[in-house]
Amino acid sequence: MPQQHASFPPITAQVFLRAASNKRKFAAVGPDGVSKQDLLHLPATAIEDLLELIRALEKGAKWPNQAVTGLVSALAKVPSAQKVQPYRPICIFSMFYRVWSSIRAKQCLKHLVSIVPSTLMGNIPGRSPQKVWFHVQQLIEHSYCSPGEVAGSVIDIVKCFNALPRFPLLQIARLVGLPDEVVIPWTTALKQMQRRFQVRSTVGQAISSSTGFPEGCALSVVSMAICNITMELWMYYRYPSVRLWSFVDNIECTTEDTDQAIQSLQGLLQFCSLMDLSIDHDKTYM
């Protein structure tokens, strides 16, 4: 673990505008009605006012309500979805908040690269789930050509971003070296966030929450990476002969002993229980 906290430079007008321009051409507009083009065409004095607001927020000031109010759109994972589970809730916050969180999330992930295990494949540059599949395929092929055995398990976490516990992960964020200028405004934003479900042209009442990191905030990706790092350490010190592979909410374990595979699966389920994470049993197998 890092012995010192990272130090990120203050956000400048150039950095802010570059992050805004990197948003998709037709990026969704948040509840405040401010679009990507609106930000890019602000006069220099208005940009400086926004940067002054960011500096205050990163020292502990409260967020403007319009910045941390989001509209929730449910995107179907499969055609003709009829129940809650097949939908993915995407929260659309203000463009101002999304630009800030994108800048800080990239810096956080760059900092975490030095400590994430080589088997963590989600949200880290240069890594992908194909590497997990290729490794498991190699293990299976090797088992056919050698006297040793191979065993393992796979689990999938239900609605992981909306179920991640905030308090322990934000504390761990500090332990892995994320600076206060990120953790403080991130924590404040999560406490203030209100989400309104949108169905066609109708918007529901504001809903607050005490758990979860909403999809639509770039820093939620950082929270999932921190959870995966914690899970890796939990498993490593209990089952050192088991290799854990993770791609966001998909977790796979491999080992050369069947009994160890069974024990490690129980240990993995225990970790998820302690973190209040629900497992999709239809996608859990050995």
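In this predicted model, Arg55 and Glu52 sit 3 residues apart in helix 3 (residues 44-57), so about one helical turn separates them. The two side chains form a salt bridge, and their closest N and O atoms are 2.8 Å apart. Neither partner is buried: Arg55 is partly exposed, with a relative accessible area of 30%, and Glu52 is partly exposed at 46% relative accessibility.

A second salt bridge links Glu58 with Arg104, with the closest N and O atoms 2.9 Å apart. Glu58 belongs to the loop between helix 3 and strand 1 (69-76), whereas Arg104 belongs to helix 4 (residues 95-112), so this pair ties together parts that are 46 residues apart in sequence. Are Glu58 and Arg104 buried or exposed? Both residues are buried, which means that each has under 20% relative accessible area.

A third pair consists of Arg174 and Asp180, whose closest N and O atoms are 3.3 Å apart. Arg174 is partly exposed, with a relative accessible area of 27%. Asp180 is also partly exposed, and its relative accessible area is 37%. Elsewhere, Glu48, Glu52 and Arg55 are joined into one network by salt bridges that share partners. The count of salt bridges comes to 4. Three of the pairs are listed below.

| Salt bridge | Closest N and O atoms |
|---|---|
| Arg55 and Glu52 | 2.8 Å |
| Glu58 and Arg104 | 2.9 Å |
| Arg174 and Asp180 | 3.3 Å |

**Strands and sheet**

The chain has 10 helices and 7 strands. Of the strands, 4 form an open sheet with mixed pairing, in the order 2-1-4-5. Strand 2 (87-92) and strand 5 (202-203) are its edge strands, each pairing on one side only. Strand 1 and strand 2 run antiparallel and are joined by 6 bridges. Which residue of strand 2 stands opposite Ser73? The residue in that position is Ile90.

**Nonpolar surface patch**

Ile140, Tyr144 and Val150 make a nonpolar patch of about 320 Å² on the surface. Val150 is placed in the loop between helix 5 (129-145) and strand 3 (151-156). Its relative accessibility is 33%, so Val150 counts as partly exposed. Residues in such patches must have over 30% relative accessible area, a cut-off that Val150 passes with its 33%.

**The chain as a whole**

How does the radius of gyration of the chain agree with that of a compact globule, and what are the values? For 286 residues, a compact globule would have a radius of gyration near 19 Å; the chain has 21 Å, which agrees. Along the principal axes, the C-alpha atoms of the chain fill a box of roughly 70 × 50 × 30 Å.

Of the 286 residues, 46% count as buried. The chain exposes about 15200 Å², and carbon and sulfur atoms supply 56% of this area. Among contacts between residues at least 6 apart in sequence, 72% join residues at least 24 apart. The salt bridge between Glu58 and Arg104 likewise ties together parts that are 46 residues apart in sequence.

How values were computed. Residues numbered from 1 in each chain as written. Predicted model: local features only at pLDDT ≥ 70, side-chain atom pairs only at ≥ 80, totals over all residues. Heavy atoms only, no water. Patch = residues over 30% accessible without salt bridge, like charges linked within 9 Å, V, L, I, M, F, W, Y side chains within 5 Å. Areas by Shrake-Rupley, 256 points an atom, 1.4 Å probe, with all protein chains shown as cover. Helix = DSSP H or I, 4+ residues; strand = E, 2+ residues; numbered from the N terminus. Buried < 20%, exposed > 50% of the residue type's maximum accessible area, 1.4 Å probe, protein only. Pairing = 2+ DSSP bridges. Rg over C-alpha atoms; globule rule 2.2 N^0.38 Å. Contact = heavy atoms within 4.5 Å.
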